[in-house]
Amino acid sequence: MGVAGAIDGEVEGVLRGWAWDPALADDRLRILVLADGTPLGECLADRPRGDLKRAGIGDGAHGLEFPLPLALLDGSEHDFALLRVDGAGEVAAARIMVPARTHLLRGKFERIEGLNLVGWIADRARPGVAKLVELVADGRVCGRTLANRLRGDLRKAGIGTGAHGFVMDLAVLRPALKPGTEFTLRTDAGDEHWVLGTGTMPVAPAAPAGVRPEAQAEAARLLGAAREAERRGDVAGAAGLLDAGLALVDRHDAEMLWLRARAALGLNEPEAARDFARAGLALRPGDAALLVVLARATARLGAHAQAAELWAAIGPDDAQHREARLGQGRALLALGRPHEALPEFGALLAGDPGDLEALRGMAESADALGATRSAARHRQRLHGLAPGEAAAGPGSSR
């Protein structure tokens, strides 16, 4: 009797099947998965399945699951094959219609702890990118937070890097939501939103003991001194004053954390800036000023996909909207997605035809797309508006 096996189909972006060698009944076969003749990767046929056990297929633990790349989830038929890695031949083959998908999101809103909303969200197509979670109530976005907390249970389950948990503090929402208000937690999924879950605002628990009044007063004095130092250009001095103030209030001041994040950027410490901005967002979810600093720091660290997510969260009504669109465009260019960057710069030019940064972005996007004539026209306009601007193409040192 030869090797037995089958490809059962695709479910939620995962190819499922089984493989078993009766001559090696207790072994778990290592399988190479192919799509349209191209190797995708290997997996172990070791998943317990009751149907296999009932059918007398060994002990039943011979199922396999292989996550498919997003490029294959295109609404087309594909020829899949399972081969033994040891070279003993083909186990199974099948042609399958794979439904089209634009993301591979997994996650959920799990529970309410006090005034904290707890859950997780990950995109298997982009496991290194922290998704942004939005809280929607009364027809508006009331808060945002990044799903970037490391959780051992997620890592153990093989869900991305494991750093996909989130905790949203309802106590710091401004304006506050009344108990009983219905809310929805969601994240972006291409051109639509993906809902993690819904709930109702709980009753606030008794407030914890606050910071001593004298400590709060001293922290306010240090905040004012830090602002003055920043105005003088003494970034290091401002950072020192803010550190002293944050120590007094146990880092529970979003304004000070925002200024400290800005100071860290000024001192070329993007990792510290990112940490301070994240701490501020935990206190003031969705704050545009904190999101801007976090996006700047993230971009400096080279995490362009995550920076793009952050820039996209800043809406048209925010004062930082122009910088957000520029940042979004630059992040998309850095990711090699000029066709998506182009509309970002174009939207800014529609509002201000003299926006030099947007013109520069349009020229760089056109270059990346191979549209040399369009790039030349944008550079000509750029040179006319800013005579000192070099008119060179992609090889320019600017």
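This is a short tour of the model, stop by stop, with something to select at each one.

**Before you start**

The model is predicted, so local features are described only where pLDDT is at least 70, side-chain atom pairs count only at pLDDT 80 or more, and totals for chains, interfaces and linings use all residues. Residues are numbered from 1 along each chain as its sequence is written, and side-chain values use heavy atoms, with hydrogens and water left out.

**The whole chain**

Begin with the full view. The C-alpha trace spans about 85 × 65 × 40 Å along its principal axes. Colour by secondary structure and you have twelve helices and 16 strands; helices (H or I, at least four residues) and strands (E, at least two) are DSSP runs, numbered from the N terminus. Of the 398 residues, 44% count as buried, where buried means under 20% relative accessible area, exposed over 50%, and partly exposed in between (1.4 Å probe, protein chains only). Contacts here are heavy atoms within 4.5 Å; among those between residues at least 6 apart in sequence, 52% join residues at least 24 apart.

**Stop 1: an open sheet**

Select β1, β2, β6 and β5. They form an open sheet of four strands in that order, β1-β2-β6-β5, with antiparallel pairing. β1 (4-11) and β5 (47-48) are the edge strands, each with a single partner, so one side of each is left without a neighbour in the sheet. Two strands count as paired if DSSP finds at least two bridges between them. Inside the sheet, β2 and β6 (residues 61-67) are joined by five bridges in the antiparallel sense, and Val 14 stands opposite Pro 67 in β6.

Now show the side chains of Asp 8, Arg 49 and Asp 51, which are linked in a network of salt bridges. A salt bridge here is a side-chain nitrogen of Lys or Arg within 4 Å of a carboxyl oxygen of Asp or Glu, and a search of the whole structure finds 28 of them.

**Stop 2: Arg 84 and Asp 21**

Next, pick Arg 84 and Asp 21. Their salt bridge has its closest N and O atoms 2.8 Å apart. The pair links distant parts of the chain, 63 residues apart: Arg 84 is in strand β7 (residues 77-84), and Asp 21 is in the loop between β2 (14-20) and β3 (30-35). Both Arg 84 and Asp 21 are buried.

**Stop 3: a hairpin and its link to α8**

Move to β11 (residues 131-137) and β12, which run antiparallel and are joined by seven bridges. The two strands form a hairpin with two residues between them, and Asp 138 in the turn has a positive phi of about 55°. Leu 135 stands opposite Gly 143 in β12. Six of the eight residues of β12 (residues 140-147) are buried.

Then add Lys 131 and Glu 309, a salt bridge with its closest N and O atoms 3.2 Å apart. This pair spans 178 residues, from Lys 131 in β11 to Glu 309 in helix α8 (residues 304-312). Lys 131 is buried, at 6% relative accessible area, and Glu 309 is buried too, at 18%.

**Stop 4: helix α4 and its neighbours**

Select residues 235-248, the 14 residues of α4. Its end C-alpha atoms are 20 Å apart, which agrees with the 20 Å expected at 1.5 Å a residue; the expected span is 1.5 Å times one less than the number of residues. Ala 238, Ala 239, Leu 242, Gly 245 and Leu 246 are buried in α4. They cover an arc of only 130° around the axis, which puts them on the same side of α4; the arc is that of the directions from the helix axis to the C-beta atoms. The buried residues of α4 pack against α3 (213-231), α5 (254-266) and α6 (270-283). Just beyond, α4 is followed by Asp 250, whose phi is positive, near 55°.

Stay with α3 and α5 and show Glu 230 and Arg 262. They form a salt bridge with closest N and O atoms 2.8 Å apart, linking α5 and α3 across 32 residues. Arg 262 is partly exposed, at 29% relative accessibility, as is Glu 230, at 28%.

**Stop 5: Arg 325**

Finish in helix α9 (residues 321-334), where Arg 325 is found. At 10% relative accessibility, Arg 325 counts as buried. Leaving aside residues up to four places away in sequence, Arg 325 touches Trp 311, Ala 312, Ile 314, Glu 344 and Leu 348.
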